[in-house]
Amino acid sequence: MPQVHHITHPLVQHKLTLMRQKDRSTSGFRRLLNEISMLMAYEITRDIPTQLIEIETPLETMQAPVIDGKKTVFVSILRAGNGFLDGMLNVVPGARVGHVGLYRDPKTLVAVEYYFKMPSDMHERDVIVLDPMLATGNSAVAAVERLKECNPKSIRFVCLLAAPEGLKNFHGSHPDVPVYTAAIDRGLNEHGYIVPGLGDAGDRIFGTK
Ligand code: URA
């Protein structure tokens with residue numbers, strides 16, 4: 001799939017393997033997600049625009065590049081998306097943050113919206129949507145559909161694990177939105193969980209199981 005960026009960096013893969021292990025503690029899981037987020041942020045922001053500003057070094061004046069972090073919006077799909085935020089904000093501290101609340105109807109697995117809060121001037125901003133698990137893809141499709149109503153300059157979607165079914169669904173609806181993922185797993189089980197996966201990302205981040 002041309003729009004899928006598989007982040008294969010050995011550090012990301014190593015940390016992901018540790019996160020998948022069922023005996024990993026909540027604090028360990030959270031710390032690893034934080035570290036992976038920073039590494040993924042590096043890949044995802046590789047091509048964001050820079051502008052030249054004039055600065056003075058101890059020796060002379062020069063034109064030097066800076067990014068405008070305020071133009072980036074990280075959009076967390078609640079609640080597991082919040083696990084990605086600290087790491088991303090460590091790397092892009094000037095970014096703004098939006099939240100989308102969606103829950104999966106347990107019977108139909110369809111996404112139902114209960115919260116949507118974005119910064120103003122979305123039409124001037126580049127959006128990076130965060131959700132660790134692209135499973136059925138229904139939440140991601142619904143979140144991006146809603147975000148497109150705000151007419152942002154660009155949208156990219158970031159997850160830790162993707163199922164082939166989720167990628168197909170997402171690209172069917174949003175072929176223009178690139179997906180960044182650390183792994184593409186085998187598929188979904190009968191409950192809509194990614195296998196082999198890492199379990200329920202929200203429960204593992206927040207210790208709510
Ligand atoms: N959400 C999760 O947290 N885990 C899955 O495997 C699928 C959806």
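The shell around the ligand in this predicted model divides into 6 nonpolar, 2 polar and 1 charged residue. Its members are Ala 80, Met 133, Ala 135, Tyr 193, Ile 194, Gly 197, Asp 200, Ala 201 and Gly 202. You may like to set this list beside the database record: the unreviewed UniProt entry gives Ile 194, Gly 199, Asp 200 and Ala 201 under "binding site".

Two of these residues, Asp 200 and Ala 201, deserve a closer look, and the table sets out their surroundings.

| Residue | Place | C-beta neighbours within 10 Å |
|---|---|---|
| Asp 200 | loop between strand E12 (194-195) and helix H6 (201-206) | 14 |
| Ala 201 | helix H6 | 25 |

Is Ala 201 buried or exposed? Ala 201 is buried, because 25 other C-beta atoms lie within 10 Å and 20 or more are enough for that class. Asp 200 counts as partly exposed, because its 14 neighbours fall between the limits of 12 or fewer for exposed and 20 or more for buried.

Which residues does Ala 201 touch once its neighbours within four places in sequence are left aside? Ala 201 is then in contact with Ala 80, Gly 83, Pro 132 and Met 133. Ala 80 and Met 133 also appear among the residues around the ligand.

Now for a strand pair. Strand E2 (residues 50-56) is hardly covered, with 0 buried residues among its 7. E2 runs antiparallel to strand E3 (residues 61-67), and 7 bridges join them. A hairpin of 4 residues links E2 to E3, and Ile 55 stands opposite Met 62 in E3.

Methods: Residues numbered from 1 in each chain as written. Predicted model: local features only at pLDDT ≥ 70, side-chain atom pairs only at ≥ 80, totals over all residues. Helix = DSSP H or I, 4+ residues; strand = E, 2+ residues; numbered from the N terminus. Pairing = 2+ DSSP bridges. Near = placed C-beta within 6 Å. Nonpolar A, V, L, I, M, F, W, Y, C, P; charged D, E, K, R; others polar. UniProt positions renumbered as here; feature names shortened; annotations may be inferred. Contact = placed C-beta atoms within 7 Å.
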